Amino acid sequence: MKKIVFSLPGNEALANYIVDSIQADRGVSEFRKFPDGETYVRILSSVEEKDVIVVCTLHQPDAKLLPLLFLCSLLRDLKVRSICLVAPYLAYMRQDKQFNPGEAITSEYFAKLLSSNVDRLVTVDPHLHRRVSMKEIYSIPCEVLHADRLISKWVKKNIPNALLIGPDSESEQWVSEVAKNAGVPFIILQKIRNGDRNVEVSVPQVEEYKNYTPVLVDDIISTARTMIETVVLLNKAGMKPPVCIGVHAVFAENAYEDLIRSGVSKVVTCNTVLHESNAIDIGEIIIPHL
Ligand code: R5P
């Protein structure tokens with residue numbers, strides 16, 4: 001039996017791409033708000049005994065989670081065989097530890113919620129920082145995909161003489177892979193985060209790379225402070241204006257505008273979160289896992 005693909009509002013393009021790529025049926029659903037702000041959900045397709053794919057990227061998750069959970073509960077009430085959630089950006093991965101007494105480890109709570117409402121999760125570069133595997137918090141099978149090869153391809157095609165720069169030690173895992181596949185050198189800086197919007201980045205040793213184009217690569221650009229601090233240091237060191245590449249265009253408040261103004265030559269992201277900076281399409285890496 002053909003799979004059937006539903007999307008939460010805003011996820012139509014990826015859902016349609018999946019439908020065309022795997023010859024699935026397109027699920028028809030209706031989402032709207034009641035006047036009091038509560039969510040109305042209706043499914044108009046027949047779903048009984050079907051394997052369902054639900055597409056919902058989870059940027060700004062608080063507003064998305066409830067409609068998503070309602071859809072999944074309804075699908076289960078309508079006796080689907082399975083639900084696979086495709087969430088190219090997976091939220092609530094960063095609060096993975098109690099930094100102060102009494103803090104909620106929201107990555108665990110969020111994982112429990114999703115794990116009890118869907119049967120499988122497909123996601124792209126989740127922010128596994130202190131955790132080694134999704135298994136530590138998710139009790140369902142998780143397919144963790146990586147954008148590194150797509151980023152390498154983009155760098156190779158668009159930036160001659162690139163020097164990749166990872167802003168912190170965590171970024172080494174993906175920056176080194178991107179650099180290897182693009183056949184370009186890389187350096188990793190050190191970062192200290194003093195607060196949500198306050199980061200310090202180590203002064204880069206770039207003397208030997210003066211003729212290169214610096215390309216900063218990170219998984220998430222949120223406040224963009226990490227990127228901006230690095231851009232300022234590179235400018236001071238006399239490097240060319242850098243290109244900034246982020247997998248997930250989270251961009252809190254004015255972060256994108258601030259980054260553009262900081263002296264970059266270009267900001268490029270993958271379309272795991274829809275944004276005007278999207279230039280790298282992750283659709284093709286998802287298809288083999290559906
Ligand atoms: C670090 O934990 C991440 O890999 C990113 O460096 C971080 O999320 C970027 O955050 P911001 O844009 O707020 O500096």
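These turns cover the ligand site and one sheet of a predicted model.

Local features need pLDDT of at least 70 and side-chain atom pairs pLDDT 80 or more, while totals for chains, interfaces and linings use all residues. Residues are numbered from 1 along each chain as its sequence is written, and side-chain values use heavy atoms, leaving out hydrogens and water.

Trainee: Which residues come nearest to the ligand?
Mentor: A residue is near if one of its heavy atoms lies within 4 Å of the molecule. The ligand has 15 residues around it. Those that come nearest are R94, D218, D219, T223 and T226.

Trainee: How far is the polar side-chain atom of R94 from an oxygen atom of the ligand?
Mentor: A polar contact is a pair of N or O atoms within 3.5 Å. For K191 the distance to a ligand oxygen is 3.0 Å, and for H127, 3.3 Å. For R94 it is 2.5 Å.

Trainee: Which element gives the most to the shell around the ligand?
Mentor: Strands are DSSP runs (E, at least two residues), and helices too (H or I, at least four), numbered from the N terminus. β11 (191-195), β13 (213-221) and α6 (225-236) each give two or more residues. With four residues, the top contributor is β13.

Trainee: Which are the edge strands of the open sheet in the order β2-β1-β5-β6-β7-β8?
Mentor: Two strands pair if DSSP finds at least two bridges between them. Six strands form this sheet, with parallel pairing. Each edge strand pairs on one side only; they are β2 (25-26) and β8 (142-145).

Trainee: Which residue in β8 does V124 stand opposite?
Mentor: β7 (residues 120-124) runs parallel to β8, joined by four bridges. Opposite V124 stands L145.

Terms used. A polar contact is a pair of N or O atoms within 3.5 Å; within protein, one must be able to donate a hydrogen and the other to accept it, and residues adjacent in sequence count only if both atoms are side-chain atoms.
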